[in-house]
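Student: I would like a close look at one part of this chain, taken residue by residue and then placed in its wider setting. Please keep the reasoning explicit, and treat the coordinates with the care that a model needs.

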Amino acid sequence: MDEVAGAIADPVRREILLMLRGQPMTAGQVADRFAISRPAVSRHLRVLREAGLVRDTADGRRRVYQLVTAPLDELAGWLETLRRPAGWQHHLDALETEVYRTRRERRDVSVSVSEKESA
């Protein structure tokens, strides 16, 4: 997970991932979209490949890069834990649910008793 997080920490690499989301691209096609040198783009692609976020295949003399999203699953799961209530907040949410359930049950019993008395 750390390697994936490190790979996506760079804005150029994030942009490359977005570009590859739509379609596989050659290293040259990727490099043409940036104002940085081709060797610099090549280094970014290597970091993404080592993190497992892209896969490259040979097409003659060209390398074609394709996005691989599976390594993002572990990172996404960890990020989701940050969004969930933790500690006391989780317990207080459960308590609130129980209070509303108890009130609803008491109200239902009151209505039932009132109906019996009026009959």
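Student: Where is R49 found, and with which residues is R49 in contact, leaving aside its neighbours within four places in sequence?

Tutor: A caution comes before the detail: this is a predicted model, and what follows describes that model. R49 is found in helix α4, a helix that covers residues 38–50. Its relative accessibility is 31%, so R49 counts as partly exposed, a class that lies between the 20% and 50% limits. When neighbours within four places in sequence are left aside, R49 is in contact with V54, D56 and Y65. A further spatial relation reaches back along the chain, where the C-alpha atoms of R49 and A7 are separated by 9.3 Å although their positions lie 42 residues apart in the numbering.

Of the three contacts of R49, D56 deserves attention next. D56 has its place in strand β2, which spans residues 54–59, and, with residues up to four places away in sequence not counted, D56 touches R49, R63, V64 and Y65. The side chain of D56 also makes a polar contact with the side chain of R63, at 2.9 Å. R63 and V64 turn up again in the surroundings of T26, which is in contact with R62, R63 and V64 once its neighbours within four places are set aside. T26 lies in strand β1, residues 25–26, and with a relative accessible area of 9% it is buried, because that value falls under the 20% limit.

The charged partners around R49 can be placed among the other ionic pairs of the chain. As a general point, side chains of opposite charge can pair when their charged atoms come close. With a limit of 4 Å between nitrogen and carboxyl oxygen, the count comes to seven salt bridges. One of them lies in the helix that holds R49: R46 and E50 meet through their side chains at 3.8 Å, N to O. Because R46 and E50 are four residues apart in helix α4, they are separated by about one helical turn, and R46, at 36% relative accessibility, counts as partly exposed. Another salt bridge joins the side chains of R38 and D32 at 2.7 Å, N to O; here R38 counts as partly exposed at 48% relative accessibility, whereas D32, at 57%, counts as exposed. A further one pairs E98 with R101, the closest N and O atoms being 2.1 Å apart. E98 and R101 both lie in helix α6, residues 88–118, three residues apart and thus about one turn of the helix. E98 is partly exposed, with a relative accessible area of 35%, and R101 is partly exposed as well, with 31%. Returning to the part you asked about, salt bridges that share partners join R49, D56 and R63 into one network.

The nonpolar surroundings complete the picture. As a general tendency, nonpolar side chains in soluble globular proteins are buried together. The largest nonpolar core here has 19 residues, of which I16, L20, V30, F34, L48 and L53 touch the most other members. The elements giving two or more residues to this core are α1 (2–8), α2 (11–22), α3 (27–32) and α4, and α2 gives the most, with five residues. One of the residues named above, L20, touches M25, V30, V54, Y65 and L67 when residues up to four places away in sequence are not counted. V54 and Y65 therefore appear among the contacts of L20 and also among those of R49, with contact taken as heavy atoms within 4.5 Å.

Elsewhere on the chain, nonpolar side chains lie at the surface: M1, W78, L79 and L82 make a nonpolar patch of about 390 Å². L79 has its place in helix α5, residues 72–83, and at 41% relative accessibility it counts as partly exposed.

For the wider setting, the protein chain has six helices and three strands, which follow the pattern α-α-β-α-α-β-β-α-α along the sequence. Of its 119 residues, 22% count as buried. Among contacts between residues at least 6 apart in sequence, 48% join residues at least 24 apart. The accessible surface of the chain comes to about 8800 Å², with 52% of that area belonging to carbon and sulfur atoms.

Technical notes:
Residues are numbered from 1 along each chain as its sequence is written. This is a predicted model: local features need pLDDT of at least 70, side-chain atom pairs count only at pLDDT 80 or more; totals for chains, interfaces and linings use all residues. Side-chain values use heavy atoms; hydrogens and water are left out. Patches are made of residues with over 30% relative accessible area and no salt bridge: like charges are joined within 9 Å, nonpolar side chains (Val, Leu, Ile, Met, Phe, Trp, Tyr) within 5 Å. Accessible areas come from the Shrake-Rupley method with a 1.4 Å probe; for residues, only the protein chains shown count as cover. Buried means under 20% relative accessible area, exposed over 50%, partly exposed in between (1.4 Å probe, protein chains only). A nonpolar core is a set of buried Ala, Val, Leu, Ile, Met, Phe, Trp, Tyr and Cys residues joined through side-chain atoms within 4.5 Å. A polar contact is a pair of N or O atoms within 3.5 Å; within protein, one must be able to donate a hydrogen and the other to accept it, and residues adjacent in sequence count only if both atoms are side-chain atoms.
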